Amino acid sequence: MDNPRPAKVAVVDEVRQRLTSTNGVILTEYRGLTVGDLATLRRALREAGGEYKVYKNTLARLAVRDLGLLELEALLEGPTAMAFVRDDVVPVAKALRDYARANPNLVVKGGVLGTRVLTAADAGAIADLPARDVLLARIAGGLAAPLQQFAGLLQALPRNLAYGLKALIDQRGGVPEPVPEPVPEPEPEPVAEAPAPEPEPEPEPPTETEPPTETVTQEEQ
């Protein structure tokens, strides 16, 4: 687009900004709808979390081309309006489906969700899904049910185990009487050992006596 006017540049920037800041967009053909019909549709989409805008196809193509969403170019033919999704795409798709059922002049052509290009059949399938809050509640409920069953099983285990043990005891004739434990015999007291005899004292060695002194008599002299 050579030397575009500022107004056209602003429109292209607006479409580009909406495509990048919202969760998705659904394109529709509104041929045959009156101004009053469009006002009613805009109000329904606003309540569903969407915003319905009409742009010139030539300017919308420039924004789509800049973002690399080339698949959307083929949908920008004829009187086309864009339903931008601020949050959850399901209520917006439902609002478009419900309005198209009452007014067949509204035709859903396709769109884009995130980076994925949607066909008209994809948009119809999204409209049949439950809203995100409902879906999350169902998932949470589905996870809670097994947990509750598991908690009940844990509570029933001791009770069922007691019933089973009682049935087994009754089947075998009741609880057997306890066998008295044998009284241990007292250990014999240890016999005191007799004290060892004291050793007898060794005899003292005899005392050496001096030999008798011979007495020389006068006769021997």
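This is a short guided tour of the structure, with a suggestion at each stop for what to select.

**Before you start**

The model is predicted, so local features need pLDDT of at least 70 and side-chain atom pairs count only at pLDDT 80 or more, while totals for chains, interfaces and linings use all residues. Residues are numbered from 1 along each chain as its sequence is written, and side-chain values use heavy atoms, with hydrogens and water left out.

**Stop 1: the whole protein**

Show everything as a cartoon. You will find 6 helices and 5 strands. Here helices (H or I, at least four residues) and strands (E, at least two) are DSSP runs, numbered from the N terminus. Trace the chain from that end and the elements come in the order α-β-α-β-α-β-α-β-β-α-α. Of the 221 residues, 25% are buried; buried means under 20% relative accessible area, exposed over 50%, and partly exposed in between (1.4 Å probe, protein chains only). Among contacts with a separation of 6 or more, 78% link residues 24 or more positions apart. A contact means heavy atoms within 4.5 Å.

**Stop 2: the sheet**

Now select the strands. In what order do the 5 strands lie in the sheet? The order is 2-3-1-4-5, in an open sheet with antiparallel pairing. Two strands pair if DSSP finds at least two bridges between them. Strand 2 (50–54) and strand 5 (116–119) are at the edges with a single partner strand each, so one side of each has no neighbour in the sheet. From one strand to the next, the twist averages 20°.

**Stop 3: strand 3**

Select residues 80–85. Is strand 3 buried or exposed? All of it is buried, 6 of the 6 residues, so strand 3 is largely enclosed by the rest of the structure. Color T80, M82 and F84 on one side, then A81, A83 and V85 on the other: both faces are covered.

Add the neighbours of strand 3:

- Strand 2 is joined to strand 3 by 5 bridges, and the two run antiparallel. Look for E51, whose bridge partner in strand 3 is F84.
- Strand 1 is joined to strand 3 by 6 bridges, again antiparallel. Pick V25, which has F84 as its bridge partner, and E29, which has T80.

Next, bring in helix 2 (residues 35–47). Helix 2 lies across strand 2 and strand 3, and runs at about 145° to strand 2. For angles like this one, axes are lines fitted to C-alpha atoms (for helices, over the stretch in contact), and angles run from 0 to 180 degrees between N-to-C directions.

**Stop 4: strand 1 and onward to strand 5**

Select strand 1, residues 24–29. Strand 1 is mostly covered, with 5 of its 6 residues buried. Strand 1 pairs with strand 4 in the antiparallel sense over 6 bridges, and G24 stands opposite L113 in strand 4. Move on to strand 4 (residues 107–113), which is joined to strand 5 by 4 bridges, also antiparallel. One pair to display is G110 and its bridge partner in strand 5, T119.

**Stop 5: T22**

Zoom in on T22, in the loop between helix 1 (6–21) and strand 1. T22 is buried, with a relative accessible area of 18%. Show its side chain: which backbone oxygen does the side chain of T22 reach? That oxygen belongs to R18, at 2.5 Å. Leaving aside residues up to four places away in sequence, T22 touches F84 and V85, two residues you colored in strand 3.

**Stop 6: helix 4 and helix 5**

Finish with helix 4 (residues 89–102) and helix 5, which pack at an angle of about 105° with their axes 8 Å apart. The two helices are therefore roughly perpendicular, a label for angles of 65 to 115 degrees. To show the contact, select V89, V90, A93, K94 and R97 of helix 4 with A123, I126 and A127 of helix 5. By class, the contact has 6 nonpolar, no polar and 2 charged residues. Ala, Val, Leu, Ile, Met, Phe, Trp, Tyr, Cys and Pro count as nonpolar, Asp, Glu, Lys and Arg as charged, and the others, Gly among them, as polar.

Last, click on G124, in helix 5 (residues 120–127). G124 is partly exposed, with a relative accessible area of 32%. Draw a distance from G124 to V90: they are 34 residues apart in sequence and 9.8 Å apart in space, C-alpha to C-alpha.

Notes: A polar contact is a pair of N or O atoms within 3.5 Å; within protein, one must be able to donate a hydrogen and the other to accept it, and residues adjacent in sequence count only if both atoms are side-chain atoms. Angles under 35 degrees count as roughly parallel, over 145 as roughly antiparallel, 65 to 115 as roughly perpendicular and the rest as oblique.
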